[in-house]
Amino acid sequence: MSGRDSKSATMSIVRRHNIKAQKKFGQNFLTDDTVLEEIVSAAGVCGEDHIIEIGPGLGTLTKLLAEDAGHVTAIEIDRQMIPVLDEVLAEYDNTRVICADVLKTDLNEIVSAWPGENVKVVANLPYYITTPIVTGLLESGIKFKSITVMVQTEVAERMQTGPGSKDYGALSLAVQYYAKPEIVVNVPPECFFPMPGVGSSVIRLDLYDKPPVDVKDPAKMFGIIKASFMQRRKTLRNSLQNNPDTRIPGDVTEAALRDMGLDPMIRGEAMTLEQFAVFSDLVENRA
Ligand code: SAM
């Protein structure tokens with residue numbers, strides 16, 4: 001038991017600062033102490049860590065992170081949160097707040113502030129931009145040790161699932177190329193203020209030093225993946241032939257699939273990451 005009471009602390013800040021939760025910024029503040037502690041514990045936050053928090057909001061999670069981390073950089077888009085964060089975080093001199101849109105922020109510059117520390121992302125994400133944030137982090141080239149984030153349950157499932165599930169798609173493959181995903185805990189709407197209309201889950205992505213598959217041109221493979229899920233009920237052959245970004249002739253796709261021992265009429269949704277990697281290299285060789 002922590003003895004905290006994040007729910008009353010949140011309600012008191014909301015009243016004192018006359019905060020109106022802004023839907024357009026995906027503001028659902030986490031008020032459940034157990035879940036807050038579970039997030040910090042899942043991320044394994046310690047003194048050697050530089051934590052990047054996206055969307056600190058009222059600073060409830062930020063405070064917990066500041067207590068355990070070496071440094072915290074919190075990036076918040078909403079100006080009305082800044083005076084609140086200044087107040088809530090006043091006693092933590094290892095924490096800085098940047099008022100900016102995370103999608104337009106140079107994270108390399110932020111990371112270079114404390115080069116000796118492990119960089120981890122920990123956040124209760126704004127759900128309206130979960131995919132661009134997560135793919136942007138994964139593709140940034142920054143050596144994050146882990147990314148522990150609260151997302152919509154449906155999105156967490158998409159990140160973790162494999163072929164055969166309706167949730168399997170380009171996001172699953174992008175995440176699984178860079179990281180090992182693990183859903184840590186499911187979180188009901190009652191744990192937030194205001195309550196979101198969807199269920200939430202905390203997911204941790206442990207980033208690989210080296211991707212689990214070898215592929216000559218990852219950008220090309222991701223182009224193929226994107227095209228093959230654009231119309232997921234079509235065969236891979238037709239998707240890649242018709243998509244203006246790939247335009248791979250049908251006979252080239254069929255020949256590559258035959259070489260792999262796969263049905264030439266297979267759909268992309270039935271293929272694993274490893275099969276996409278092999279296919280991408282085979283097609284590259286025939287180009
Ligand atoms: N961390 C707080 C918590 O757990 O209670 C707030 C989480 S709330 C779900 C998402 C936060 O992200 C809000 O504070 C919102 O203003 C902020 N946000 C939304 N879009 C953002 C963006 N593009 N860049 C940075 N922060 C953003």
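A polar contact is a pair of N or O atoms within 3.5 Å. By that cut-off, Asp101 makes one with the ligand: a polar atom of its side chain lies 2.9 Å from a ligand nitrogen atom. Taken alone, the ligand exposes 590 Å², and the protein buries 99% of that. The model is predicted. Its protein chain holds 12 helices and nine strands.

**The chain as a whole**

- The chain has 287 residues, and 52% of them count as buried.
- Along the principal axes, its C-alpha atoms fill a box of roughly 65 × 40 × 35 Å.
- The chain exposes about 13400 Å². Carbon and sulfur atoms supply 50% of that area.
- Take the contacts between residues at least 6 apart in sequence: 67% of them join residues at least 24 apart.

**Around the ligand**

- The ligand is surrounded by 22 residues. The closest are Gln27, Leu30, Gly55, Glu76 and Tyr128.
- Gln27 also offers a polar side-chain atom: an N or O atom there is 2.9 Å from an oxygen atom of the ligand.
- Glu53 faces a nitrogen atom of the ligand, with 3.4 Å between that atom and an N or O atom of the Glu53 side chain.

**Strand E5 and its partners**

- Strand E5 covers residues 118-124 and is mostly covered, with six of its seven residues buried.
- Strand E2 (residues 49-54) runs parallel to E5, and four bridges join the two. One pairing puts Ile51 with Lys120 of E5.
- Strand E6 (residues 144-152) also pairs with E5 in the parallel sense, over six bridges. Here Ala123 stands opposite Val149 of E6.
- From E5 the chain passes through helix H6 (residues 130-139) to reach E6. This β-α-β crossover is right-handed.

**Helix H8**

- Helix H8 spans residues 170-178. Seven of its nine residues are buried, so the rest of the structure largely encloses it.
- The buried residues are Leu171, Ser172, Leu173, Ala174, Val175, Gln176 and Tyr177.
- These buried residues pack against four helices and two strands by name: H6, H7 (153-160), H9 (218-230) and H12 (273-286), along with E7 (179-187) and E9.

**Ile203 in strand E9**

- Ile203 sits in strand E9, which runs over residues 200-207.
- Buried means under 20% relative accessible area. Ile203 has 0% relative accessibility, so it counts as buried.
- Thr148 is 55 residues away from Ile203 in sequence. In space, their C-alpha atoms are 5.7 Å apart.
- Beyond its neighbours within four places in sequence, Ile203 contacts ten residues in several stretches of the chain, among them Ile147, Thr148, Val149 and Val151. Ala156, Met159, Pro181, Glu182, Ile183 and Val184 are also in contact with Ile203.

**Asn94 in a loop**

- Asn94 lies in the loop between helix H4 (82-88) and strand E4 (95-99).
- Is Asn94 buried or exposed? Asn94 is buried, with a relative accessible area of 14%.
- The side chains of Asn94 and Thr95 are joined by a polar contact of 3.0 Å.
- Leaving out residues up to four places away in sequence, Asn94 touches Ala66, Ala69, Gly70, His71 and Val72.

How values were computed: Residues numbered from 1 in each chain as written. Predicted model: local features only at pLDDT ≥ 70, side-chain atom pairs only at ≥ 80, totals over all residues. Heavy atoms only, no water. Buried < 20%, exposed > 50% of the residue type's maximum accessible area, 1.4 Å probe, protein only. Contact = heavy atoms within 4.5 Å. Pairing = 2+ DSSP bridges. Right-handed = clockwise from strand over helix to strand, strands pointing away. Near = heavy atom within 4 Å. Polar contact = N/O pair within 3.5 Å; in protein donor to acceptor, adjacent residues only side chain to side chain. Areas by Shrake-Rupley, 256 points an atom, 1.4 Å probe, with all protein chains shown as cover.
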